[in-house]
Amino acid sequence: MALPESALAQTAAKRSSQAQPAKPAMPQLNLPDHSNGERAISHLGASLPGVAAHYGKSADALRAQFRNDRSAWLDKAGRMYFVELGLTASPSDVAQSGAIYPADQTFLLHSRKSSKRKIYLDFNGHTTTGTAWNTSYGLSTIVSPAFDLDGLPGTFSSTELAMIQNIWRRVAEDYAAFDVDVTTEEPPADQMSRTSLSDDTYGTRALITKNFTAGTVKGDCGCGGFAYVGVFDATSEANKPAFIFQDKLGNGEKSIAEATSHEVGHNLGLSHDGTSSVGYYSGHGSGATGWAPIMGVGYNKELVQFSKGEYLNANNSEDDYLVMQNNGVMFAADDFGNGIATAATLSPTAVSGMNTYDIMGVMETPSDVDVFRFNAGAGVVTINAKPFERGPNLDILVQLRDASGNLLAEANPADALTASLSFNLPAAGTYYVSVEGMGLGDALGTGYSAYGSVGRYAVAMSAPLAAAGAPVAVIGASATNGPAPLNVSFSGASSTGSGSSIVSYEWNFGDGTPLAAGVAASHVYTAGGSYTASLKVTNSAGFSGTSAVVITATTAQPKVYAGGITMALVAPNRQQAYAQAKVTVKDASGNLIPNATVSGSWSGIVSGAASAVTNASGVATINSVSSKKTGTFKFTLNGITAAGYTYDASLNAMSSNSISR
């Protein structure tokens, strides 16, 4: 029996397997000045839908954001950034704790060293040149000093080293679910800068320093930091780094860490989480389960998580995880199986007549479930599970099940993120313990959903010694992939009973069809997809063993193409005009396809990339920039992206069109 999988778990698994989609191109703009609010909307004019599409928003959503959040700004190129006027803090009254790592390891810390994506926490000082920040503040060079608490820049005291380590621990926990390395060791330049869309190794710098803006052409920002939106995966360094100003954050460990995760979140495409009346939501509840969103302001709450706006009067319902995946980071691969069929077998250490187990893992998606198998004799099993100890994101539910998957006991206290239980096992046999993230109460009140419960955990267990061993299940399959319908013959004949005879074989084909029994079984997979087929064998001593194999039945994706491109001229005044290309997207059966992203480029008297999303009638409207010149506007189609379809340019009724003025 597999543990039940929720719709959210299925969605998370789907997200985890999806490749990063192509981001619509940013329109080429030259706006009069930096702007926010209605002025930003006015500056964008006809280009607003294209800018919104680049940031993964509808035009209405971008307008609402500028009207409701005064910290959202546009630069002259139309790039969005946030100036964090609401993200300052007073000096912290939280006692600093000591370093957990040796002092000489402080600038060598990594959360996932092998990852190709990097979040570099720069405490060492940096000189910024040639960026949009230099242009904005009228400084050819921005010299940012190193992190400093004692007024002795260039050296690091034991207190400073301890705080750096703990800030890193907190930020690493916030991004633990992703395949990204949060590090204090400066990566080589080629691991930070993305040279092309095919370059899969890149990152961002989060510069933790002091405010440099006083006396500049823009004046003192009075802010806790600032960062551009959606530039983590950009092929230019012009809109980096993200700045975090320690002196505007009370020089406090928690406030600096929260602000760092917040600014990196902007680089990854995230906007602010506020309410109808405040720009930054400060959370609700108290104690260990007092909650706030990372993209709000969580300085005074213990549990600070990514969010999709499920609290009362939320003004931002964007799916933070999905937005970040669209901007360069993906969920990390699952470290442990999610059900009994794929459970990890625990290896015990015998201590004073008991087996002890130590588990460390990560919840990588909002409804990940990590399942572990162990053998035990009759008697009391004790399980203690806790989230990461510094700035945890995970509220733990721990469950104990028997060999058939029946729930025996569970723990998820309402006032704590930890979970502990003791249970008297009635008989020797195989048992399962699972760990998953949970919410608390009503998210519209003082609770929160399970959405943000991801991150690291540790489990300590003890259980009575088992007198006999578990059988070993071995699966043989005639095929593991092929076109649907796929007929597969399975065999469990190579399974062994570990000193006892095997008394039962149970087959689960992974597609919702009834279970089957016997040493051998066959099954037809009628629909395309990947299925986990499992075999559970039970021996005469009452112990069971499970094995699984993935069967992939393939189907061809339907094709989409451009059914036509019509052109029009739009003249907002006598001097200027812009061209409008309307691209109709169809499938091979002639059906109109909504929600497809159409990308192309303009040439002739204007130039630049552009994109738009098809409406309910399958039509994408793509505007050029305005021009005073006479001549030809030419639009060339570069690609079409639609979920569940592949683009076939050979089917296009046309791939370019033009119009003259």
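This briefing walks through some aromatic pairs, one helix and its neighbours, and a handful of single residues worth finding in the viewer.

Keep in mind that you are looking at a predicted model. There are 32 aromatic pairs in it, and one of them, Phe178 with Tyr321, links parts that are 143 residues apart in sequence. Helix α2 (residues 37-44) gets a section of its own, with its buried residues and its packing against α4. After that come two cis peptide bonds, one between Lys240 and Pro241 and one between Ala484 and Pro485, and then a few loop and strand residues.

**Aromatic rings**

- Out of the 32 aromatic pairs in the structure, take Phe178 and Tyr321: their ring centres are 6.0 Å apart and their planes meet at 45°, so this pair counts as tilted.
- Phe178 belongs to the loop between α6 (158-174) and β7 (181-183), while Tyr321 belongs to helix α8 (residues 320-325), so the pair ties together parts of the chain 143 residues apart in sequence.
- Are Phe178 and Tyr321 buried or exposed? Both of them are buried.
- If you'd like to see a whole group of rings, look for the single aromatic cluster formed by Tyr81, Trp133, Tyr137, Phe212, Phe226, Tyr228, Phe243 and Phe245.

**Charges over rings**

- Tyr137, one of the rings in that cluster, has Lys218 lying over its face, at 5.1 Å from the ring centre.
- Elsewhere, Phe388 has a charged partner too: Arg456 lies over the face of its ring, 3.9 Å from the centre.

**Helix α2 and what packs on it**

- In helix α2 (residues 37-44), the buried residues are Gly37, Ala40, Ile41, His43 and Leu44.
- These residues span an arc of only 160° around the axis, so they sit on the same side of α2.
- Here's a handy bit of background: an α-helix has 3.6 residues a turn, so residues three or four places apart point the same way.
- What covers the buried residues of α2? The cover includes β1 (35-36), α3 (48-54), α4 (59-68) and β2 (72-74).
- One of those, α4, packs against α2 at an angle of about 145°, and the two axes are 7 Å apart.
- On the α2 side the residues involved are Gly37, Glu38, Ala40, Ile41 and Leu44, and on the α4 side they meet Leu62, Arg63, Phe66 and Arg67.
- Sorted by class, this contact is made of five nonpolar, one polar and three charged residues.
- Right after α2 ends, Gly45 has a positive phi of about 55°.

**Cis peptide bonds**

- Lys240 and Pro241 are joined by a cis peptide bond, with omega at about 5°; Pro241 is in the loop between β9 (225-228) and β10 (242-245).
- Ala484 and Pro485 are joined by a cis peptide bond as well, with omega at about -5°; Pro485 is in the loop between β24 (481-483) and β25 (486-491).

**Asparagines with a positive phi**

- Asn251 isn't a glycine, yet its phi is positive, near 55°.
- You'll find Asn251 in the loop between β10 and α7 (253-267), where it is partly exposed with a relative accessible area of 28%.
- Asn313 isn't a glycine either, and its phi is positive at about 65°.
- Look for Asn313 in the loop between β12 (303-305) and α8; it is partly exposed, with a relative accessible area of 49%.

**Two more residues to visit**

- Gly269 sits in the loop between α7 and β11 (291-293), and at 6% relative accessibility it counts as buried.
- Which residues is Gly269 in contact with, leaving aside its neighbours within four places in sequence? They are Val229, Gly230, Val323 and Asn327.
- Gly269 and Asp415, 146 residues apart in sequence, are 33 Å apart in space, C-alpha to C-alpha.
- Ser504 is part of strand β26 (residues 502-508) and is partly exposed, with a relative accessible area of 30%.
- Not counting residues up to four places away in sequence, Ser504 touches Lys536, Val537 and Thr538.
- Between Ser504 and Ala419 there are 35 Å in space, C-alpha to C-alpha, and the two are 85 residues apart in sequence.

Methods. Residues numbered from 1 in each chain as written. Predicted model: local features only at pLDDT ≥ 70, side-chain atom pairs only at ≥ 80, totals over all residues. Heavy atoms only, no water. Phe/Tyr/Trp six-rings, centres within 6.5 Å; stacked < 30°, edge-to-face > 60°. Helix = DSSP H or I, 4+ residues; strand = E, 2+ residues; numbered from the N terminus. Buried < 20%, exposed > 50% of the residue type's maximum accessible area, 1.4 Å probe, protein only. Lys NZ or Arg CZ within 6 Å of the ring centre and 35° of its normal. Arc of directions from axis to C-beta. Contact = heavy atoms within 4.5 Å. Axes fitted to C-alpha atoms, helices over the stretch in contact; angles between N-to-C directions. Nonpolar A, V, L, I, M, F, W, Y, C, P; charged D, E, K, R; others polar.
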